[in-house]
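Trainee: I would like to learn how the labels given to side chains are justified. Could we go through some of them slowly, with the reasoning spelled out?

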Amino acid sequence: MELDDRKVTILKAIIKTYLETGEPVGSRTISKFTDLKLSSATIRNEMSDLEEMGYILQPHTSAGRIPSDKGYRFYVDQIMQEKEQEVTEVKELMIQRVDRVELVLKRLAQMLASNTNYAAMISGPQYHRNKLKFIQLSKMEDLKLLVVTVVEGNLIKNAVVNVPVPVTQDEILNLNILLNSALNGLTIQEINLDVISRLKEQAGPHSQVVDLVLNEVARAIRADDEDLQIYTSGATNIFKYPELSDGARASELLSTLEQKEMLQELISDVNDTEADNGIQVYIGDETPVQTMKDCSVVTANYDLGEGIRGTIGIIGPKRMDYEKVLGTLKNLMKQLDAAYKNEER
């Protein structure tokens, strides 16, 4: 007798139900929880075959069935095979670089939502350009300067500034030397008022030019939130949890998952208070997003190297399976690290 797809689905349903309830499982119960759309009589026939094949047992007459050791072994082997396949799929996705990053992140969000049964969100990678590498001023016209800023991750930003008085080539050379000597390797936090005051003092009559250039440097170092992409999946999973599924609450939460601005607020908080291990858990009122106060949110920052980072989040009820969610995120972090950082070595 062959263990076909129908029998496998019924066997899995029996084992899952038994694991949840600890009670023998009957055909009527299985008919409610499978997508086979089979009658109880048909399911009973399949269960008889499974019993004959040794995958399930009937503890006593007229009772439902329970898994046998053989059934448990089949179930565990199936889970391990599915997880290995899942890891393989993630690795295959990860080795595709930034040119297909949108597809990769969308697929990852779908996989996370499916694996956890909660809502998932992933922000696109941003250059967290903490350190300044180089500044180059060039003359365009008498009252216009081109400011080229190179920041961590070798990202280049160009800007044109209008200066109040003409600047000679020698003066531009001196300003380049002054700015690079003072600012190279500094983060935006380290370019404080003392540093700015010294620079402006040393620039003498061109202190206003320094001020204009520093404004452009600050823009280049800060992450560009306007271009941030956020991918979500599994929003309708919240309807599976009664405490989140009443009309008004569910509507608010669904709306939040569709609003980039609201999710940016969460991502910004994650970046500002990043935990040492990169994973944070917000429970109820701890979340910075008002409409998620009835939820738990677990976040992690992924790092692709060269200052390129993004945020992954899982949103679910306060009674979420924290062990599973944390394990899923940690495994994903390892896979991302192996796929990107090791590839660059």
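Mentor: Let us start with a cut-off: a residue is called buried when its relative accessible area is under 20%, exposed when that area is over 50%, and partly exposed in between. Please keep in mind that this is a predicted model.

Trainee: What makes lysine 7 count as buried or exposed?

Mentor: Lysine 7 has a relative accessibility of 6%, and buried means under 20%, so lysine 7 counts as buried. Glutamate 46, with a relative accessible area of 7%, is likewise buried because that value is under 20%.

Trainee: Why is the contact of lysine 7 with glutamate 46 called a salt bridge?

Mentor: The closest N and O atoms of lysine 7 and glutamate 46 are 2.9 Å apart, and the definition asks for a side-chain nitrogen of Lys or Arg within 4 Å of a carboxyl oxygen of Asp or Glu, so the pair qualifies. Lysine 7 lies in helix α1 (residues 5-21) and glutamate 46 in helix α3, so the pair ties together parts that are 39 residues apart in sequence.

Trainee: Which residue in helix α3 forms a salt bridge with lysine 7 at 3.6 Å?

Mentor: That residue is aspartate 49, whose closest approach to lysine 7, N to O, is 3.6 Å, which is within 4 Å and therefore meets the rule. Aspartate 49 has 23% relative accessibility, and because this falls between 20% and 50%, aspartate 49 counts as partly exposed. Lys7, Glu46 and Asp49 are linked with Asp4 and Arg6 in a network of salt bridges.

Trainee: Why is the pair of tyrosine 55 and phenylalanine 74 described as stacked, tilted or edge-to-face?

Mentor: The ring centres of tyrosine 55 and phenylalanine 74 are 5.8 Å apart, within the limit of 6.5 Å, and their planes stand at 70°, over the 60 degrees required, so the pair is edge-to-face. Both of these residues, tyrosine 55 and phenylalanine 74, are buried.

Trainee: What makes the pair of tyrosine 118 and tyrosine 241 tilted?

Mentor: Their centres are 5.6 Å apart and the angle between the planes is 40°; because that angle is neither under 30 degrees nor over 60, the pair of tyrosine 118 and tyrosine 241 counts as tilted. Tyrosine 118 and tyrosine 241 are 123 residues apart, and the pair links distant parts of the chain.

How values were computed. Residues numbered from 1 in each chain as written. Predicted model: local features only at pLDDT ≥ 70, side-chain atom pairs only at ≥ 80, totals over all residues. Heavy atoms only, no water. Phe/Tyr/Trp six-rings, centres within 6.5 Å; stacked < 30°, edge-to-face > 60°. Buried < 20%, exposed > 50% of the residue type's maximum accessible area, 1.4 Å probe, protein only. Helix = DSSP H or I, 4+ residues; strand = E, 2+ residues; numbered from the N terminus.
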